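Subject: Structure handover

Hello,

Please find the structure below. My notes on it come after.

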Amino acid sequence: LRQLARCVGSVCFLFAIHIVVLPILNAMAAPERYARVTRRAFSFITALNACFGAVAYLLFAGDVANPVTDNLDGGSRAAKLTLGAVKLLLCVDLLFTVPFVFAAGREIVERATLEMLPRCAAGRARFRSPETHARNAVRVALLGAVFAIRFGVPCFGDLVDLIGGVVNAVMGFVLPPAIALKLFPMSWAARAAHLAIILFGLAALGLSLTFTIESLLDPDHSC
């Protein structure tokens, strides 16, 4: 049960990314196709990841490393080439997916920051420059936080658990039902279901954060 709880962060990192639907929807040339496109895309990615997990388990069984790429770190030339190709493809994947995840949180922080700027009765035009500076400051601060976390958590597995369990759990399981509760009328059963999802997200956050801190403080912990 403890090992199952420890994988919460990794699972959230991989699957709790539906907050990206907001920037995707805003960027679509044909928003009316959104539902069909997202169903097909998420179904394909889910099946692909399930197959990858099954193949990794069949190949390595109980010796699956964290991260699984460590299982490919063998001495043969083929293993090294495979490991290099996997890492390269992972970098390409992150290059195209991280901006979507980052954009959703950035928009929330930017709007909250801009709301604190002074308003003038003459309109917002004269405050365009301060708004631009505020947006740039928020983006630089967020990128700085990302780099600080990256270099402060040297183990990739711990980094995945931390980002997945804290950020993705909140943006995937806490914010969406909280927004729905705020904006849409619903029955008591629907409200209870939304609250249960929020509690699940908070539990995932707590478990992942606890295990990640435990790993980081363990002097015998290795990447």
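The notes cover helix packing, a pocket and an aromatic pair.

This is a predicted model, in which local features need pLDDT of at least 70, side-chain atom pairs count only at pLDDT 80 or more, and totals for chains, interfaces and linings use all residues. Residues are numbered from 1 along each chain as its sequence is written, and side-chain values use heavy atoms, with hydrogens and water left out.

Helix packing. Helices are DSSP runs (H or I, at least four residues), numbered from the N terminus. Axes are lines fitted to C-alpha atoms over the stretch in contact, with angles from 0 to 180 degrees between N-to-C directions. The axes of α7 and helix α8 (residues 188-217) lie 8 Å apart at an angle of about 165°. The two helices α7 and α8 are therefore roughly antiparallel (over 145 degrees). Their crossing is left-handed (the near helix is turned anticlockwise from the far one by less than a right angle). The contact of α7 with α8 has 19 nonpolar, 6 polar and 3 charged residues (Ala, Val, Leu, Ile, Met, Phe, Trp, Tyr, Cys and Pro count as nonpolar, Asp, Glu, Lys and Arg as charged, the others, Gly among them, as polar).

Helix α2 (residues 8-15) crosses α7 at roughly 55°, with the axes coming within 7 Å. That makes α2 and α7 oblique to each other (neither under 35, nor over 145, nor 65 to 115 degrees). This crossing of α2 and α7 is also left-handed.

Aromatic pair. The whole structure has 2 aromatic pairs (ring centres of Phe, Tyr or Trp, the last by its six-membered ring, within 6.5 Å). Phe147 and Phe151 form a stacked pair, 6.5 Å centre to centre with 15° between the planes (stacked is under 30 degrees). Both residues, Phe147 and Phe151, lie in helix α6 (residues 128-152), 4 residues apart, about one turn of the helix.

Pocket. The second largest pocket holds about 370 Å³ of space (an open set of points on a 1 Å grid over the protein atoms alone, where a 1.4 Å probe fits, with protein on both sides within 12 Å along at least five of seven lines; the volume is the space filled by probe spheres set on the points). Among its 14 lining residues (an atom within 4 Å of a point), the closest to the centre are Ile19, Val21, Leu22, Ile108 and Ile179.

Regards

Technical notes. Rings of Phe, Tyr and Trp (its six-membered ring) pair if their centres lie within 6.5 Å; planes under 30 degrees apart count as stacked, over 60 as edge-to-face and the rest as tilted.
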